[in-house]
Amino acid sequence: MRHFNIQFGTIFFVATSLAGAFALADWALTRGPNILASTEYIETVAKERAYCSKLGTGVDCGCFSQKSAHVLGHKTEQVYGYFHANQTQLARGQALSKCQ
């Protein structure tokens, strides 16, 4: 009877640990940043490439549009009462610094 109690306790501990790990993983995945859908991402890349071509400053527009669209694609929740950078200015500034 003692072995049954140890085995049952071990199985119960492993099962609850796995259930907790999967529940935590699902919660963490749904709380992550919202990434643009692929069609929105492609449209954003095209818009940023058009903006880059208007600059005409020797920037690699392929690199610029990809970097900028990547930053713009991560939508984060804004917290009331805090200053938040303009997402477009942030994306274009980072892309310009990386793609010269």
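Let's start with how the cysteines pair up: if you number the bonded cysteines of the chain in sequence order, the pattern is 1-2, 3-4. Keep in mind that you're looking at a predicted model. In that model there are 2 disulfides. If the word is new to you, a disulfide is a covalent bond between the sulfur atoms of two cysteines.

Take the pair of cysteine 52 and cysteine 61. Their sulfur atoms sit 2.3 Å apart, and the angle about the S-S bond is -85°, which makes this link left-handed. Are these two cysteines buried or exposed? Buried means under 20% relative accessible area. Cysteine 52 has a relative accessibility of 2%, so it counts as buried. Cysteine 61 comes out at 19%, so it is buried by that cut-off too.

The other disulfide joins cysteine 63 to cysteine 99, with 1.9 Å from S to S. This link is left-handed as well, with -65° about the S-S bond. What does this pair tie together? Cysteine 63 is part of helix H3 (residues 61–73), while cysteine 99 belongs to the segment after helix H4 (87–98), so the bond connects parts that are 36 residues apart in sequence. Cysteine 99 is buried because its relative accessibility is 3%.

Now zoom out for a moment to see where those helices fit in. The chain has 4 helices and 2 strands. Walk along from the N terminus and you'll meet them in the order α-β-α-α-β-α. The chain has 100 residues, and 18% of them count as buried. How much do faraway parts of the sequence touch? Look at contacts between residues at least 6 apart in sequence: 59% of these join residues at least 24 apart.

Back to H3 and H4, then. Their axes come within 8 Å and cross at roughly 145°, and the crossing is right-handed. On the H3 side, the contact is made by Cys63, Phe64, Lys67, Ser68, Val71 and Leu72. On the H4 side, you'll find Gln87, Thr88, Leu90, Ala91, Arg92, Gln94, Ala95, Leu96 and Lys98. Notice that Cys63, listed here in the contact, is also one end of the disulfide to cysteine 99. What kinds of residues make up this contact? Sorted by class, there are 8 nonpolar, 4 polar and 3 charged ones.

One of the H4 residues in that list deserves its own visit: leucine 96, which lies in helix H4. Its relative accessible area is 27%, so leucine 96 is partly exposed. Which residues does leucine 96 touch, leaving aside its neighbours within four places in sequence? They are Leu55, Val59 and Phe64. You can also compare sequence and space here: leucine 96 and threonine 57 are 39 residues apart in sequence, yet 9.9 Å apart from C-alpha to C-alpha.

For a last stop, find threonine 44 in helix H2, which covers residues 38–55. Cysteine 52, from the disulfide with cysteine 61, has a number that falls in that range. Threonine 44 is buried because its relative accessible area is 12%. What does its side chain have beside it? A polar atom of the threonine 44 side chain lies 2.8 Å from the backbone oxygen of glutamate 40.

Technical notes:
Residues are numbered from 1 along each chain as its sequence is written. This is a predicted model: local features need pLDDT of at least 70, side-chain atom pairs count only at pLDDT 80 or more; totals for chains, interfaces and linings use all residues. Side-chain values use heavy atoms; hydrogens and water are left out. Buried means under 20% relative accessible area, exposed over 50%, partly exposed in between (1.4 Å probe, protein chains only). A polar contact is a pair of N or O atoms within 3.5 Å; within protein, one must be able to donate a hydrogen and the other to accept it, and residues adjacent in sequence count only if both atoms are side-chain atoms. A disulfide is a pair of cysteine sulfur atoms within 2.5 Å. Axes are lines fitted to C-alpha atoms, for helices over the stretch in contact, and angles run from 0 to 180 degrees between N-to-C directions. A crossing is left-handed if the near helix is turned anticlockwise from the far one by less than a right angle, and right-handed if clockwise. Contact means heavy atoms within 4.5 Å. Ala, Val, Leu, Ile, Met, Phe, Trp, Tyr, Cys and Pro count as nonpolar, Asp, Glu, Lys and Arg as charged, and the others, Gly among them, as polar.
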